[in-house]
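Grab a pencil and open the viewer. Here are a few exercises, each with a worked solution to check yourself against.

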Amino acid sequence: MPKYPIELKINGDKYSFEVEADLRLVDLLRNHLQLLGTKEACGKGECGACTVLMDGKSVASCLVLALQANGSEIITVEGLGGEAALHPLQQAFIQYGAVQCGFCTPGMLMSAKFLLDNNPRPSREEIRAGLAGNLCRCTGYTKIIDAIEAVVEGRLER
Amino acid sequence: MTTYFAPSTLSEAVAYIHENQTAKIIAGGTDLLVKRYEELDSMTGFMDISHLAELKNIKTGEEVQIGAMVTHGEIAGHPWLLQHVPLLCQGAAAVGGPQIRNRGTLGGNLANASPAADLAPPLIVLGAVAELAGPQHQVPLEEFFSGPGKTIMQPNQIITGVKFTKPAANQGWAYLKLGKRKAMAIATASVAVLVAVEDGQLTDLRICLGSVAPVPSRAKKTEELLRGQRLDSLELAAAQAQLQAEISPIDDIRGSAEYRRQAAGPLFRRALLQAIKNAGVEPDA
């Protein structure tokens, strides 16, 4: 199987790879870089667990070929913030108990980030629409929406 | 062996696909990679046109032209389109969820030729023409689809965009979609209506339905029945019955044929009344 060169920026760092045509972005992140925050569940763009930002836009990384991400800038949940410096959304998810099993959480955070980057003051309805591409099989939607609303309204404890 | 080629110009793309007709043209990947998931080994190669700048323009004015690589998200949020062609924006906003709209393209939605494609009914009532390259060709979108997943495109052709005339001020519109949930749903039935209203009269209208026939289809007999009727004496019950008689839905995972036929009637009625209301006239119904 032929391999093709790509260069891209992931969480601020530059990388180059040689990849096969059928490698997906989610495989590149998880298997080549061990960025295991990005989850894969359905593999068909239905569940949103693999959501990352590609050039500032939320995408299902299971539906993007790694080769299609050539030249782009990717942000995964690891690039959002870490234990040393949590992103306000991550802080809010902890504070509001918006995490149950945790599998959907990275995707939820990245969809929330895309929403707030484009609409810093969404209504509760707009938050719901912004998360429409993400499933939580624990059905913990209320607390997830509460957490994002807290960030929007600046109600986070420091 | 899966190969990959990303042309940097349309002419490069046309030349490549002419030589490599088994290569799959990939854009946003939101349909193709879902299918590919189940048939990993049947892909011989990809030609990736998602980066083709030539196909990413939106030309506004009396004649609107939208490039095939414009995404659903770009259409749904385009300020000029929102003001002048909100019908199309509503169709684009009905596609998938945010992640799908950020990748999925107009060209992909049409080339994939799903009977449920959300952009097809709005574009068909707008009278859109599909523009193809390879052997260059222009075809009314209404004649573009030939069956579920099938179009009249030759293996060496690429859809480069659509064009249509900007709707007039006396026109009203609606796009309604029936699905299992608001997000990510593939339509069980959908309907786009475009009406022209003058002096309390429905002077012209186009109706196009999705998911109730092998291809997105005009309900021409229903249009004919309603054309010229006065808004204060619209024969809504007769129109609804005519519409239900001229569609040909099937049973599938999203709904039975009978359910679709039943549901399409009121869905159309609501869309018609909404379109008339949009044209600035309140119907007496």
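**Exercise 1.** Find what covers the buried residues of H10(B), then work out how those residues are arranged around the helix.

*Solution.* Start with the cover: it includes strand E13 (201-210), helix H9 (220-226) and helix H11 (257-278) of chain B. Keep in mind that this is a predicted model. Next, pick out the residues of helix H10 (residues 236-246) that have under 20% relative accessible area. In chain B these are Leu236(B), Ala239(B), Gln240(B), Leu243(B) and Gln244(B). They sit on the same side of H10(B), because they cover an arc of only 135 degrees around the axis. The general rule behind such patterns is that an α-helix has 3.6 residues a turn, so residues three or four places apart point the same way. Finally, flip to the other side of H10(B), where Ala237(B) and Ala245(B) are exposed.

**Exercise 2.** Which residues touch the most other members of the largest nonpolar core?

*Solution.* The core has 39 residues, and the ones to pick are Ile66(B), Leu110(B), Leu123(B) and Phe144(B). Now check where the members come from: domain 1 (3-164) and domain 2 (171-278) of chain B each supply at least three residues. Then zoom in on Leu123(B). Skipping neighbours within four places in sequence, Leu123(B) is in contact with Leu88(B), Leu106(B), Leu110(B), Ala128(B), Leu141(B), Val162(B) and Phe164(B). Don't stop there, as a second, separate core of 35 residues has Leu23(A), Val64(A), Leu67(A) and Ile100(B) among its members.

**Exercise 3.** In what order do the five strands of the open sheet in chain A run, and which strands stand at the edges?

*Solution.* Walk across the sheet and you get E2-E1-E5-E3-E4, with mixed pairing. Strand E2 (13-20) and strand E4 (57-60) of chain A each have a single partner strand, so one side of each lacks a neighbour in the sheet. Those two are your edges. On average, neighbouring strands here are turned by 40 degrees against each other, ignoring direction. Now take one pair: E1(A) and E2(A) run antiparallel and are joined by eight bridges. One bridge to find is Leu8(A) with Tyr15(A), the latter in E2(A). Last step, add the helix: H4 (residues 105-118) of chain A lies across strand E3 (51-54), E4 and strand E5 (73-75), at about 40 degrees to E3(A).

**Exercise 4.** What is Met1(A) in contact with, leaving aside neighbours within four places in sequence?

*Solution.* First place the residue: Met1(A) is in the segment before strand E1 (3-10) of chain A. Its contacts are Glu20(A) and Asp22(A), plus Met1(B) and Thr2(B). Then check a distance: the C-alpha atoms of Met1(A) and Glu20(A) are 6.8 Å apart, though 19 residues separate the two along the chain.

Methods
Residues are numbered from 1 along each chain as its sequence is written. Chains are lettered from A and ligands numbered from 1 in the order in which they are written. This is a predicted model: local features need pLDDT of at least 70, side-chain atom pairs count only at pLDDT 80 or more; totals for chains, interfaces and linings use all residues. Side-chain values use heavy atoms; hydrogens and water are left out. Helices (H or I, at least four residues) and strands (E, at least two) are DSSP runs, numbered from the N terminus. Contact means heavy atoms within 4.5 Å. Buried means under 20% relative accessible area, exposed over 50%, partly exposed in between (1.4 Å probe, protein chains only). The arc is that of the directions from the helix axis to the C-beta atoms. A nonpolar core is a set of buried Ala, Val, Leu, Ile, Met, Phe, Trp, Tyr and Cys residues joined through side-chain atoms within 4.5 Å. Domain bounds come from an automatic or database domain assignment. Two strands pair if DSSP finds at least two bridges between them. Axes are lines fitted to C-alpha atoms, for helices over the stretch in contact, and angles run from 0 to 180 degrees between N-to-C directions.
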